[in-house]
Amino acid sequence: MSQKLPRRQFIYYASAALGTSLLLKACGNSSNSPTPNVGNTTNNSTAVTNGKNFKIAMVLPGITTDKAWNQAGFQGLDTAKNQLGVETAFVEKVAQADQTEALSDFARRGYNVIFAHGGQFDAAIQQVAPQFPKTFFVGVNGAVQGANMASLRIDHLQTSYICGIIGANMTKSNKLAYLSAQSFQATDEELRGFELGAKSVKPNIQITPSYTGDWNDAAKAKEASLALISSGVDVIYQWLDNASPAVLQTAEEKGVFAFGNTTDQLNLAPKAVLTSAVKRIDLAIAYLADLAVKNNLKGEVYTIGLERPEILYIGKFSDMVPQELQQKALQTKEAILAKKIMFEPCQENGKSTRCVKQA
């Protein structure tokens with residue numbers, strides 16, 4: 001398993017010899033949790049061409065057992081450890097205010113590559129990366145790129161477009177919703193795909209975006225779900241982490257439909273979930289880790305779509321989805337792969353977005 005660093009509290013201290021600096025104080029599950037041996041904290045310039053001397057860290061916003069985004073990221077880190085023989089470590093439940101210090105700490109400890117697991121880390125990466133030019137920072141679901149910065153992106157728009165078609169065919173109220181924690185590039189693209197897919201079936205259908213502000217707060221997720229349902233929404237496309245089951249189970253309780261996300265979540269609420277947008281981000285992370293070990297990782301955005309079916313695909317269909325609609329969804333997937341349906345940059349209402357182009 002990957003090495004888990006304790007959760008931290010950040011405190012300042014003054015020293016005549018060192019001046020004012022930032023000190024990490026462990027506050028993990030046990031008060032006497034040992035500090036892991038992570039090598040020379042002042043030298044991260046060692047040239048490596050194999051996994052034996054390579055160190056990869058991950059900073060996660062939630063818990064590694066959420067059965068969604070964070071767990072998938074952690075599994076990718078562990079896959080890299082097992083397949084490549086690299087040394088790994090991680091820290092979970094990193095609040096936004098602590099992002100820069102968590103990234104900096106791993107860089108100071110000599111980690112070669114640091115995965116920041118979420119687009120919400122982009123600003124922190126841009127702040128920290130120039131200070132540690134010999135460490136490579138990867139924003140998962142991010143948009144950063146540069147000398148020692150890369151982003152790993154899933155083409156969320158492709159699967160959300162297919163789900164939009166399904167949702168538009170299943171709704172009775174013609175009111176759909178997209179529910180997530182934050183608006184940033186990845187969630188905006190997923191919302192856009194859901195909207196484009198739904199409007200390809202019903203041009204006047206209503207899609208309402210809603211954001212809880214927290215990926216893991218189940219109470220906020222349930223409250224937001226109930227508010228959407230009370231407004232007439234009868235299909236919810238959600239992307240949350242540990243709070244995801246709260247949305248799906250609330251939908252089931254209230255007799256409306258929903259979509260799973262990241263993992264196949266049909267079994268979490270079988271009377272509500274129509275299908276899931278499955279994103280094997282674990283395999284995508286392991287793929288970039290392999291590039292890094294081979295010194296082939298570049299400062300660019302790596303986007304993975306349906307052309308990698310082991311990474312991005314539509315999950316199991318509920319029996320509630322008619323066979324003909326299941327076939328339409330699969331035919332749409334094939335049309336995207338064949339580039340008969342393409343998503344190209346465009347301007348809409350004065351804003352840059354992506355629009356559908358039919359070949």
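**Note on helix packing, salt bridges and backbone outliers**

1. Buried residues make up 53% of the 359 residues in the protein chain, and readers should keep in mind throughout that this is a predicted model. The protein chain contains 9 helices and 17 strands. Among the contacts in the protein chain with a separation of 6 or more, 65% are between residues 24 or more positions apart.

2. The pairing of helix α4 with helix α9 may be taken up next. The axes of α4 (residues 156-170) and α9 (residues 323-337) come within 10 Å and cross at roughly 155 degrees; angles over 145 degrees count as roughly antiparallel, and α4 and α9 are therefore roughly antiparallel to each other. The crossing in which α4 passes α9 is right-handed. On the α4 side the contact is made by Q158, Y161, I162, I165, I166, N169 and M170, and on the α9 side by L325, K328, A329, T332, K333 and I336. By class, the residues of this contact divide into 8 nonpolar, 3 polar and 2 charged.

3. A second helix pair is formed by α6 (residues 218-230) and α7 (residues 244-254), whose axes come within 8 Å and cross at roughly 40 degrees. Here too the crossing, that of α6 past α7, is right-handed. From α6, the residues A218, A221, K222, S225, L226 and I229 meet A246, V247, T250, A251, E253 and K254 of α7, and the contact of α6 with α7 has 7 nonpolar, 2 polar and 3 charged residues.

4. The surroundings of α7 extend beyond this helix pair. In α7, the residues S244, A246, V247, L248, T250 and A251 are buried, and the buried residues of α7 pack against α6 as well as the strands β9 (175-180), β11 (235-239), β12 (257-262) and β13 (273-279). After α7 comes G255, which has a positive phi, near 75 degrees.

5. The structure holds 14 salt bridges, and one of them joins the side chains of R354 and E189, with an N to O distance of 3.6 Å. R354 lies in strand β17 (residues 351-358) and E189 in helix α5 (residues 185-201), so the pair ties together parts that are 165 residues apart in sequence. Both R354 and E189 are buried. What are R354 and E189 linked with in a network of salt bridges? The network comprises R153 and D155 in addition to E189 and R354.

6. Helix α5 also carries a salt bridge between E195 and R192, whose closest N and O atoms are 3.0 Å apart. E195 and R192 both lie in α5, 3 residues apart, about one turn of the helix. This spacing can be read against the general geometry of the α-helix, which has 3.6 residues a turn, so residues three or four places apart point the same way. The partners fall into separate accessibility classes under the 20% cut-off for burial: R192, at 8% relative accessibility, counts as buried, whereas E195, with a relative accessible area of 22%, is partly exposed.

7. In another salt bridge the side chains of K333 and E334 meet, at 3.5 Å from N to O. K333 is partly exposed at 24% relative accessibility, and E334 is partly exposed with a relative accessible area of 43%. K333 is also one of the α9 residues in the contact with α4.

8. L288 lies in helix α8 (residues 281-293) and is buried, with a relative accessible area of 0%. When residues up to four places away in sequence are not counted, L288 touches F115, V138, L152, L297 and Y302. The C-alpha atoms of L288 and S151 are 9.7 Å apart in space, while the two residues are 137 residues apart in sequence.

9. Two residues deserve a look for their backbone angles. K93 has a positive phi of about 55 degrees although it is not a glycine; K93 lies in the loop between β5 (87-91) and α2 (99-108) and counts as partly exposed at 40% relative accessibility. N174 likewise is not a glycine and has a positive phi, of about 60 degrees. The loop that holds N174 is the one between α4 and β9, and N174 is partly exposed, with a relative accessible area of 33%.

Notes:
Residues are numbered from 1 along each chain as its sequence is written. This is a predicted model: local features need pLDDT of at least 70, side-chain atom pairs count only at pLDDT 80 or more; totals for chains, interfaces and linings use all residues. Side-chain values use heavy atoms; hydrogens and water are left out. Axes are lines fitted to C-alpha atoms, for helices over the stretch in contact, and angles run from 0 to 180 degrees between N-to-C directions. Helices (H or I, at least four residues) and strands (E, at least two) are DSSP runs, numbered from the N terminus. A crossing is left-handed if the near helix is turned anticlockwise from the far one by less than a right angle, and right-handed if clockwise. Contact means heavy atoms within 4.5 Å. Ala, Val, Leu, Ile, Met, Phe, Trp, Tyr, Cys and Pro count as nonpolar, Asp, Glu, Lys and Arg as charged, and the others, Gly among them, as polar. Angles under 35 degrees count as roughly parallel, over 145 as roughly antiparallel, 65 to 115 as roughly perpendicular and the rest as oblique. A salt bridge is a side-chain nitrogen of Lys or Arg within 4 Å of a carboxyl oxygen of Asp or Glu. Buried means under 20% relative accessible area, exposed over 50%, partly exposed in between (1.4 Å probe, protein chains only).
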